[in-house]
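Dear colleague,

I am handing over the structure that we spoke about, and I would be glad if you could look through it alongside the notes that come after it.

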Amino acid sequence: MAVVEALFIGELAPLGPRQVPSGIAKKPVCGQIAITATGLQGDNQGDTRHHGGPEKAVHHYPADHYAAWSEDGIVANAPAFGENITTLGLSEANVCIGDVYRFGSALLQVSQGRQPCWRLNARFDRSDMALRVQKSGRTGWYYRVLEEGHAAAGDSLVLLERPQPCWSLERIIELLYTRTMDFDSLRDLASLPELASSWCELAERRIASRKVEDWNRRLHDSQT
């Protein structure tokens with residue numbers, strides 16, 4: 001169990017030199033908020049092809065990570081990473097794919113980790129920020145909403161089910177970005193029914209092609 005320190009939603013606003021529409025600049029929510037199949041009521045995404053949707057309905061970023069970023073010389077506070085939920089005590093090391101949490105009257109399930117993209121570079125005004133997040137493993141994660149409901153800051157995330165105890169997010173992040181050619185583990189990953197379909201497909205493509213996908217555009221897309 002972990003207490004949710006704060007909830008955040010974002011309106012669309014221009015981001016970076018190209019002024020792309022983005023909802024990454026979020027603000028705290030006061031009181032209860034509805035949690036729907038596509039996320040917190042009032043939250044917005046500028047690029048709905050790659051952000052949001054049922055498999056990325058709610059983004060969780062641990063407050064614990066901000067101290068580590070400060071040690072790296074990057075001083076920031078929640079919700080700098082565009083998170084909807086922040087907590088202390090939960091991290092990629094102790095959260096697993098498929099974990100089911102009761103949050104207020106809503107039911108959430110961990111669906112995938114976050115794949116950092118160049119919007120983090122624009123957000124932090126650092127050309128290497130997305131790559132830093134990927135290498136650090138401090139990515140945060142997403143939930144799908146199994147049951148819609150309402151919740152508020154101060155409510156607890158209560159773990160109800162852990163169907164995949166061997167598949168922590170930390171293990172998956174290491175597999176995708178460090179042990180990239182471990183095809184046996186990739187096959188096991190792709191077979192997890194709780195994993196978001198896009199990540200299953202990513203693992204399957206890597207197995208079929210026998211090569212790692214090009215990360216350049218995701219991490220370094222030109223902002224000029």
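Below is what was found in it, beginning with how it should be read.

This is a predicted model, in which local features need pLDDT of at least 70 and side-chain atom pairs count only at pLDDT 80 or more, while totals for chains, interfaces and linings use all residues. Residues are numbered from 1 along each chain as its sequence is written, and side-chain values use heavy atoms, with hydrogens and water left out.

The largest nonpolar core (buried Ala, Val, Leu, Ile, Met, Phe, Trp, Tyr and Cys residues joined through side-chain atoms within 4.5 Å, where buried means under 20% relative accessible area with a 1.4 Å probe, protein chains only) has 44 residues. Its largest share, six residues, comes from H4, a helix in the DSSP sense (an H or I run of at least four residues, where a strand is an E run of at least two, numbered from the N terminus). Leu 189 is among the residues with the most contacts inside this core, and Leu 189 touches Ile 172, Leu 175 and Leu 176, among others (heavy atoms within 4.5 Å), not counting residues up to four places away in sequence.

Those three residues also belong to the part of H4 that meets Trp 199, Leu 202 and Arg 206 in H6.

Turning to the strands, E9 and E10 pair in the antiparallel sense over four bridges (pairing needs at least two DSSP bridges), and the bridge partner of Phe 103 in E10 is Ala 106.

With best regards

Technical notes: Buried means under 20% relative accessible area, exposed over 50%, partly exposed in between (1.4 Å probe, protein chains only).
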